[in-house]
Amino acid sequence: MSTGWAVREEHDRADAERYRELLAAARSAFEDLGYGATTVAEITRRAGASRATFYVYFASKEQVFAVLAEQVRDRFMRAQDLTGIDADDVDEVLRRTIETTLAVTVEHMALMAVLNHQAVADPEIRDLWVEIQREAVHRTATYVAQQERAGRVKPVADPESLGLMGAGMNDRYAPLVVNGVVEIGEAVEEMHRIWMACLGR
């Protein structure tokens with residue numbers, strides 16, 4: 001009986017590894033070639049897999065792209081997780097959120113450019129991309145509003161606008177970090193300074 005479980009677990013690990021390899025190959029292809037020029041054949045070539053293997057895990061190029069988009073969404077959601085810090089410590093919450101969300105933007109910048117482009121033509125991708133952007137802004141705005149009601153901050157603008165400002169700073173600083181124009185630590189410090197000023201701190 002234990003041998004059977006061991007074989008099953010080994011097979012599951014192999015399946016998971018092949019799945020990750022195909023996702024990584026698809027991501028590199030989309031980032032290098034764009035959505036339109038990427039084919040299943042190119043993905044399988046990069047993964048060193050057959051077309052038959054691809055279709056074990058994904059129904060189409062569209063599906064694998066949607067999975068990658070969902071991964072970006074999930075990374076942004078995790079980046080705003082406040083576990084382990086005092087939610088009422090505004091300075092620390094903002095510093096950590098800036099650090100994590102900027103890091104995610106830097107990590108996924110090339111894929112996000114493809115997402116932006118594909119969202120123009122694909123309603124499903126557009127809905128997912130809008131969800132990613134809206135949810136991140138909404139979480140920030142909700143936090144600012146809560147802290148304003150508690151008297152800990154005095155925002156210079158409405159919370160939703162400040163959430164949009166934060167997202168915009170991420171988008172502007174990420175290319176500078178990727179291109180080596182500014183160190184990520186320096187970007188975090190500058191963004192944090194701006195946020196503190198905008199919150200009357």
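This is a short talk on the overall build of one protein and on two of its residues.

Hi everyone, thanks for having me. Please keep in mind that what you see is a predicted model.

Let's begin with the whole chain. How many helices and strands does the secondary structure come to? It comes to nine helices and zero strands, so if you read the elements from the N terminus on, you just say alpha nine times over. Along its principal axes, the C-alpha trace spans about 60 × 45 × 35 Å.

The protein has 201 residues, and 39% of them count as buried. About 11000 Å² is exposed, with carbon and sulfur atoms supplying 53% of that area. Now take the contacts between residues at least 6 apart in sequence: 65% of these join residues at least 24 apart.

Next, a residue to find on your screens: Thr-44, which sits in helix 2, residues 40–47. Is Thr-44 buried or exposed? It is buried, because its relative accessible area is 6%, and buried means under 20%. Leaving aside neighbours within four places in sequence, Thr-44 touches Ala-49, Ser-50, Arg-51 and Phe-54.

Now let's turn to charge. The protein carries 23 positive and 33 negative charges, and the mean positions of the two sets are 1 Å apart. Which residues form a negative surface patch? They are Asp-86, Asp-89, Glu-92 and Glu-99. One of them, Glu-92, belongs to helix 5, residues 90–107. Glu-92 has a relative accessible area of 31%, so it is partly exposed. A patch residue needs over 30%, and Glu-92 has 31%.

That's my tour, and I'm happy to go back to any part of it!

Technical notes
Residues numbered from 1 in each chain as written. Predicted model: local features only at pLDDT ≥ 70, side-chain atom pairs only at ≥ 80, totals over all residues. Heavy atoms only, no water. Patch = residues over 30% accessible without salt bridge, like charges linked within 9 Å, V, L, I, M, F, W, Y side chains within 5 Å. Areas by Shrake-Rupley, 256 points an atom, 1.4 Å probe, with all protein chains shown as cover. Salt bridge = Lys/Arg side-chain N within 4 Å of Asp/Glu carboxyl O. Lys, Arg positive; Asp, Glu negative; His and termini not counted. Charge placed at Lys NZ, Arg CZ, Asp CG, Glu CD. Helix = DSSP H or I, 4+ residues; strand = E, 2+ residues; numbered from the N terminus. Buried < 20%, exposed > 50% of the residue type's maximum accessible area, 1.4 Å probe, protein only. Contact = heavy atoms within 4.5 Å.
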